[in-house]
Amino acid sequence: MESKITASAERPARTSSGIMMLLLSLLMVLAGTLAIVMAVGGALVPMALLAGIILLAVGLFLMCGLYSVQPNEAVAILLFGDYRGTDRKAGLRWVVPWYSRKKVSMRVRNVTSDKLKVNDKRGNPIEIAANVVWRVRDSAQALFDVDDFAAFVNIQIDTALRDITSTYAYDHGDDHEPTLRADAELIAEKLREELNERVRVAGVTIDEARLAHLAYASEIASAMLRRQQAEAILSARRLIVQGAVEMVENALERLAELNVVELDEDRKAAMVSNLLVVLCADREAQPVVNTGTLYG
């Protein structure tokens, strides 16, 4: 039966302030050194020499238990490999010297992933990269539940990007579905949620995740650019035609209201045709003076 990894959990360590221990150890080193000097100067009194050596050794031994903790830093305390807690109190701290210490930064970190070439939901190759803001939440999990939590986060960012890309199309989704290009806020939130789920085992939390680079792969970039240009032209033409129809309709209604001229169906059709040509053409209209009548 396959065994599971036991999840670690951070807890406070029993440590003390290092200021008093520093003063005590310095005093013992000074007293021990002075006793040794006096013993040597006094023809090597055995008891004084022994006391000086003991004081000096104990003072140096106590100094080995001193360590410093910076703001937003944690120190995990271990006894022969057994986790005994984490010290987050900033300043000079002290613990029994045979306890080992491992430091881990709790500061916010920012990483920009490498550009990945992956296929979107429609199979189009695209280039994508993300900018992720993260920090260590649980020092025990970060140190003891994964081998290297920083490398673990980087790998999970690449994996999450591949999953997100395969779920959404680059653009023009079916039935108004979200796309990578048009719905940046939604994609960022989905990426952050998936990353938090993936890195929870490492005691890490993701504060923000956004796409830093998004583009078609070079082999299809030119073709996709032409398609986007064609779609932009069609959209503009559609808007122009819609506006022209409204203008022609308004012109006919105003002519009828003001009784400027009476138009039969043939003249209305000719007028509509001419106005649409003038309004929808991409060139300036060339006026033609009609000296006859509409019917010859």
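A residue counts as partly exposed when its relative accessible area falls between the buried limit of under 20% and the exposed limit of over 50%. R135 sits at 30% relative accessibility, so R135 lands in that partly exposed class. The structure discussed here is a predicted model, and R135 is a handy way into its charged pairs. The side chain of R135 forms a salt bridge with D207, with the closest N and O atoms 3.0 Å apart. This pairing ties together distant parts of the chain, since R135 belongs to strand β9 and D207 to strand β10, 72 residues apart. D207 is partly exposed too, at a relative accessible area of 34%.

Stepping back to the whole chain, the secondary structure comes to seven helices and ten strands. Of the 296 residues, 31% count as buried. Among contacts in the chain with a separation of 6 or more, 70% come from residues 24 or more positions apart. The chain exposes about 18,800 Å², and carbon and sulfur atoms supply 59% of that area.

Now for the interior. In soluble globular proteins, nonpolar side chains tend to be buried together. Here the largest nonpolar core holds 32 residues, and V132, W134, F149, L191, L195 and I206 have the most contacts inside it. Two or more residues of this core come from each of β8 (116-119), β9 (125-136), α4 (149-167), α5 (184-199) and β10 (204-216). L191 gives a good view of the packing: leaving aside neighbours within four places in sequence, L191 is in contact with A130, A160, L161, I164, A209 and L211. There is also a second, separate core of eight residues, with A13, Y67, V75 and Y99 among them.

Back to charges. Side chains of opposite charge can pair when their charged atoms come close. Eleven salt bridges turn up in the model. Besides the R135 and D207 pair, one of them joins the side chains of E177 and K121, at 3.0 Å from N to O. Those two residues are 56 apart in sequence, with E177 in the loop between α4 and α5 and K121 in the loop between β8 and β9. Both partners are partly exposed: E177 has a relative accessible area of 22%, and K121 has one of 43%.

A more local pairing appears in helix α5. There, E194 and R198 lie four residues apart, about one turn of the helix, and their side chains meet in a salt bridge at 3.3 Å, N to O. R198 is partly exposed, with 25% relative accessibility. D163 also comes into the picture, as salt bridges that share partners join D163, E194 and R198 into one network.

D138 goes without such a partner. D138 is buried yet has no salt bridge, and R137, the nearest side chain of opposite charge, is 4.7 Å away. The 4 Å limit for a salt bridge is why the R137 side chain does not count as a partner. D138 is found in the loop between β9 and α3 (139-144). Not counting residues up to four places away in sequence, D138 touches A9, E10, A202 and G203.

Q141 has its place in helix α3. Q141 is buried, with a relative accessible area of 11%. Outside its neighbours within four places in sequence, Q141 is in contact with S8, V146, R200, V201, A202 and G203. A202 and G203 thus appear in the contact lists of both D138 and Q141.

P178 lies in the loop between α4 and α5, the loop that also holds E177. At a relative accessible area of 28%, P178 is partly exposed. P178 and Y168 are ten residues apart in sequence, while their C-alpha atoms are 6.9 Å apart in space. Y168 is also one of the residues that P178 touches, along with D183 and L186, when residues up to four places away in sequence are not counted.

Finally, the surface has a nonpolar patch of about 320 Å², made by I19, M20 and L23. I19 lies in helix α1 (residues 18-41), and with a relative accessible area of 47%, I19 is partly exposed.

Note on methods:
Residues are numbered from 1 along each chain as its sequence is written. This is a predicted model: local features need pLDDT of at least 70, side-chain atom pairs count only at pLDDT 80 or more; totals for chains, interfaces and linings use all residues. Side-chain values use heavy atoms; hydrogens and water are left out. A nonpolar core is a set of buried Ala, Val, Leu, Ile, Met, Phe, Trp, Tyr and Cys residues joined through side-chain atoms within 4.5 Å. Buried means under 20% relative accessible area, exposed over 50%, partly exposed in between (1.4 Å probe, protein chains only). Contact means heavy atoms within 4.5 Å. Lys and Arg count as positive and Asp and Glu as negative; His and the chain ends are not counted. Patches are made of residues with over 30% relative accessible area and no salt bridge: like charges are joined within 9 Å, nonpolar side chains (Val, Leu, Ile, Met, Phe, Trp, Tyr) within 5 Å. Accessible areas come from the Shrake-Rupley method with a 1.4 Å probe; for residues, only the protein chains shown count as cover.
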